[in-house]
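Q: I've got a structure open and want to learn how to read it feature by feature. Could you walk me through it?

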Amino acid sequence: MLSGAVARVDGDAAPGALARVRAAEGDVLGFGHYAGASSMRVRMLAFGKEAVDEPALVAERLASAVALRSSAAGAGLLGETDAVRLGNAEGDGLRGLAADR
């Protein structure tokens, strides 16, 4: 979510903190990581009104990404090389995070 789309920030959110994102009318849109000094003010992690268990959600998405890369559909990437991208940011639902082996 770009900084121009953010009307206000309630509280004192630390960089990287999980933030609840609301529409101007007050409805909860989802949750994301806050970056107050960045033009990308919030990197959305999940959409919807339900609070997320951030560590569990990230672990689940990373496990899914690794499973895909080790499967035939992922061309068995984990067995074919000594270097591979295990998590590819937005492509794996891990906004702003890339993990390499």
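A: Sure, and let's start with a term we'll need: a residue is buried under 20% relative accessible area, exposed over 50%, and partly exposed in between. Keep in mind that this is a predicted model.

Q: Okay, let's try that out. Is Glu 90 buried, exposed or partly exposed?
A: Its relative accessibility is 43%, so Glu 90 counts as partly exposed.

Q: And what does Glu 90 form a salt bridge with?
A: The general idea is to look for a side-chain nitrogen of Lys or Arg within 4 Å of a carboxyl oxygen of Asp or Glu. Here Glu 90 pairs with Arg 43, and the closest N and O atoms are 3.6 Å apart. Glu 90 sits in the loop between β4 (85-88) and β5 (98-100), while Arg 43 belongs to strand β3, so the pair ties together parts that are 47 residues apart in sequence. Arg 43 is partly exposed too, at a relative accessible area of 35%.

Q: How many salt bridges are there by this rule?
A: The count comes to 3. Another one joins the side chains of Arg 69 and Asp 92, at 2.7 Å from N to O. Arg 69 is in helix α1 (residues 54-70) and Asp 92 is in the loop between β4 and β5, so this pair ties together parts 23 residues apart in sequence. Arg 69 is buried, with a relative accessible area of 11%, and Asp 92 is buried as well, at 16%.
A further salt bridge is formed by the side chains of Asp 100 and Arg 85, at 2.6 Å from N to O. That pair links strand β5, which holds Asp 100, to strand β4, which holds Arg 85, 15 residues apart. Asp 100 is exposed at 52%, whereas Arg 85 is partly exposed at 38%.

Q: Now the helix. Which residues of α1 are buried?
A: A general point to begin with: an α-helix has 3.6 residues a turn, so residues three or four places apart point the same way. In this structure, the buried residues of α1 are Leu 57, Ala 65 and Arg 69. They cover an arc of only 105° around the axis, which puts them on the same side of α1. Pro 55 and Glu 60 are exposed residues on the face turned away from that buried side.

Q: What should the 17 residues of α1 span at 1.5 Å a residue?
A: They should span 24 Å, and the end C-alpha atoms of α1 are 24 Å apart, which agrees.

Q: Let's do strands. In what sense do β1 and β2 pair?
A: They pair in the antiparallel sense, over 5 bridges. The two form a hairpin with 5 residues between them, and Gly 26 in the turn has a positive phi of about 105°. β2 and β3 also pair in the antiparallel sense, over 5 bridges. You can follow the partners across: Ala 19 has Gly 32 as its bridge partner in β2, and Gly 32 has Met 44 as its partner in β3. Strand β2 (residues 28-34) is mostly covered, with 5 of its 7 residues buried.

Q: Last one: which residues make up the largest nonpolar core?
A: In soluble globular proteins, nonpolar side chains tend to be buried together. Here the largest such core has 5 residues in all: Ala 19, Val 21, Tyr 34, Val 42 and Met 44. The elements giving two or more residues to this core are β1 (18-22) and β3 (42-47). Leaving aside residues up to four places away in sequence, Ala 19 touches Gly 30, Phe 31, Gly 32 and Tyr 34.

Terms used
Residues are numbered from 1 along each chain as its sequence is written. This is a predicted model: local features need pLDDT of at least 70, side-chain atom pairs count only at pLDDT 80 or more; totals for chains, interfaces and linings use all residues. Side-chain values use heavy atoms; hydrogens and water are left out. A nonpolar core is a set of buried Ala, Val, Leu, Ile, Met, Phe, Trp, Tyr and Cys residues joined through side-chain atoms within 4.5 Å. Buried means under 20% relative accessible area, exposed over 50%, partly exposed in between (1.4 Å probe, protein chains only). Helices (H or I, at least four residues) and strands (E, at least two) are DSSP runs, numbered from the N terminus. Contact means heavy atoms within 4.5 Å. The expected span of a helix is 1.5 Å times one less than its number of residues. The arc is that of the directions from the helix axis to the C-beta atoms. Two strands pair if DSSP finds at least two bridges between them.
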